[in-house]
Amino acid sequence: MSNIKSIMDYDTVRLDEEKNELVIIDQTKLPCEIEILHLKTAKEIWDAIYLLQVRGAPAIGVAAAYGLYILAKNIGASNYDDFYKEFSRIKDYLNSSRPTAVNLSWALERMNAVCVEHKSEPIKKILEALLQEAKRIQEEDIATCRKIGEYALTLVKPGDGLLTHCNAGQLATSKFGTATAPMYLGKEKGYNFHIFADETRPLLQGARLTAFELYSSGLDVTLICDNMSASVMKNGWVNAVFTGCDRVAANGDAANKIGTSVVAICANYYHIPFYICAPTSSIDMSIAAGSDIKIEQRPAEEVTEMWYKKRMAPEGIKVFNPAFDVTDNKLIAGIITEYGIARPPYSKSLKDIFAEKARNAAVR
Ligand code: MRU
């Protein structure tokens with residue numbers, strides 16, 4: 001792995017405008033191989049999201065927006081009604097690839113709104129507007145992650161021990177990550193954080209992706225198995241926990257990678273603040289509580305055989321493999337957004353965050 005370009009030099013997701021392709025790093029191959037995929041068809045893009053070749057809520061949103069643009073360009077209809085019928089079909093198809101991360105439907109709905117807004121214009125103009133919207137979604141993602149990092153950095157001090165779960169890093173976004181943003185920004189300021197990355201069973205996003213990108217960036221990162229987080233907390237090595245999220249409900253309940261709620265429960269027991277890093281694109285104010293969040297169920301093989309040379313469970317064994325869990329709002333010390341840090345009670349503070357977002361939009 002020593003002679004490769006750093007993983008941080010690659011774009012997690014990008015559009016090749018000339019070839020009309022979605023270009024991603026195949027995250028299922030990391031850290032052993034850096035393979036770049038060039039996706040053109042709806043099936044290829046759907047599969048890439050479903051198979052987690054591109055993953056992490058914000059990156060899924062950006063990939064879906066560019067994907068919808070690429071596919072819209074190929075529609076070849078001569079009037080708006082025919083164009084929009086096919087556009088809607090493709091949008092719904094992409095939206096069915098994964099259910100939990102709200103960024104997927106959020107990004108597709110933004111693209112849809114642009115399509116409808118420009119309905120009286122020639123299709124060429126609609127496509128241009130869609131391209132600009134997809135680019136805006138990606139640019140906003142970068143700015144949002146940076147802002148989250150700046151707010152998160154106010155919650156910690158140089159030399160602190162930080163723990164994170166899954167990958168809410170650059171590989172899950174367009175740059176900086178959400179939960180990793182304070183780590184990268186802290187490094188620029190010489191903060192010397194000691195970071196613990198949970199390996200994150202069953203798909204090992206912590207080991208394969210978070211440990212990889214932080215280590216490649218020269219941060220002090222220690223990889224631990226998921227069942228070790230209580231030990232490092234008990235040892236006094238963790239001052240704060242930062243994780244990402246896939247969907248936050250209006251009451252602050254937060255869905256994130258399976259195992260996150262165990263980390264939050266342990267952090268609470270040891271009086272360590274547990275923070276959710278949440279772009280507003282991951283907050284779903286239409287959902288009252290976490291119990292309303294649809295949790296993706298994944299194939300049993302991810303638990304029984306994936307990553308092993310030989311199957312590691314009895315043939316025929318029943319397997320429960322939810323990809324996400326919901327952390328109760330009462331375990332969350334703060335929800336860090338690009339518009340500030342929401343504190344309990346979240347049913348009020350999240351509304352204030354969206355009011356601030358609306359004020360900002362009105363000023364621009
Ligand atoms: O199944 P994944 O790998 O897409 O799950 C990713 C996570 O749970 C991340 O923590 C979340 O999407 C936030 S990414 C900034």
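Start by selecting the hairpin of strand 8 and strand 9: 4 residues lie between the two strands, and one to click on is Gly-252, which takes a positive phi near 95°. Keep in mind as you look around that this is a predicted model.

**Around the hairpin**

Now colour residues 247-249, which are strand 8, and residues 254-257, which are strand 9; the two run antiparallel and are joined by 2 bridges. To see a pairing up close, pick Val-248 and look across to its bridge partner in strand 9, Ala-254.

Stay on Ala-254 and look for Thr-327 in strand 12, which stands opposite. Strand 12 covers residues 324-327, and its antiparallel pairing with strand 9 runs over 4 bridges.

**Two cis peptide bonds and an odd phi**

Next stop: the loop between strand 5 (194-198) and helix 7 (205-216), where you'll find Pro-202. Show the backbone here, as the peptide bond from Arg-201 to Pro-202 is cis, with omega near 0°. Slide along to Leu-204, in that loop between strand 5 and helix 7 too. Leu-204 isn't a glycine, yet it has a positive phi of about 60°.

For another cis bond, jump to Pro-344 and Pro-345: the peptide bond between them has omega near -5°. Pro-345 sits in the loop that links strand 14 (340-342) with helix 11 (346-363).

**Zooming out to the domains**

Time to give the chain two colours. Paint 7-143 as domain 1 and 145-363 as domain 2, following the domain assignment. Their centres, taken over C-alpha atoms, are 25 Å apart.

How many residues of each domain are in contact with the other? On the domain 1 side there are 29, and they touch 40 residues of domain 2. About 2800 Å² is buried between the domains, with carbon and sulfur atoms giving 54% of that area. Select Met-8, Arg-55 and Thr-100 in domain 1: these lose the most area to domain 2, and together they make up 23% of what that side buries.

**What crosses the interface**

Which side chains meet in a salt bridge? Show Arg-98 and Glu-296 as sticks and you'll see them, 2.9 Å from N to O. The count of salt bridges between domain 1 and domain 2 is 1, while 25 residue pairs are in polar contact across the interface.

To finish, highlight helix 2 (57-73), helix 4 (102-117) and helix 5 (123-153), the elements that each give two or more residues to the side of domain 1 touching domain 2. Colour that side by class and you get 19 nonpolar, 7 polar and 3 charged residues.

Key. Residues are numbered from 1 along each chain as its sequence is written. This is a predicted model: local features need pLDDT of at least 70, side-chain atom pairs count only at pLDDT 80 or more; totals for chains, interfaces and linings use all residues. Side-chain values use heavy atoms; hydrogens and water are left out. Domain bounds come from an automatic or database domain assignment. Contact means heavy atoms within 4.5 Å. Buried area is the accessible area (1.4 Å probe) that two parts lose on being put together, summed over both. A salt bridge is a side-chain nitrogen of Lys or Arg within 4 Å of a carboxyl oxygen of Asp or Glu. A polar contact is a pair of N or O atoms within 3.5 Å; within protein, one must be able to donate a hydrogen and the other to accept it, and residues adjacent in sequence count only if both atoms are side-chain atoms. Ala, Val, Leu, Ile, Met, Phe, Trp, Tyr, Cys and Pro count as nonpolar, Asp, Glu, Lys and Arg as charged, and the others, Gly among them, as polar. Two strands pair if DSSP finds at least two bridges between them.
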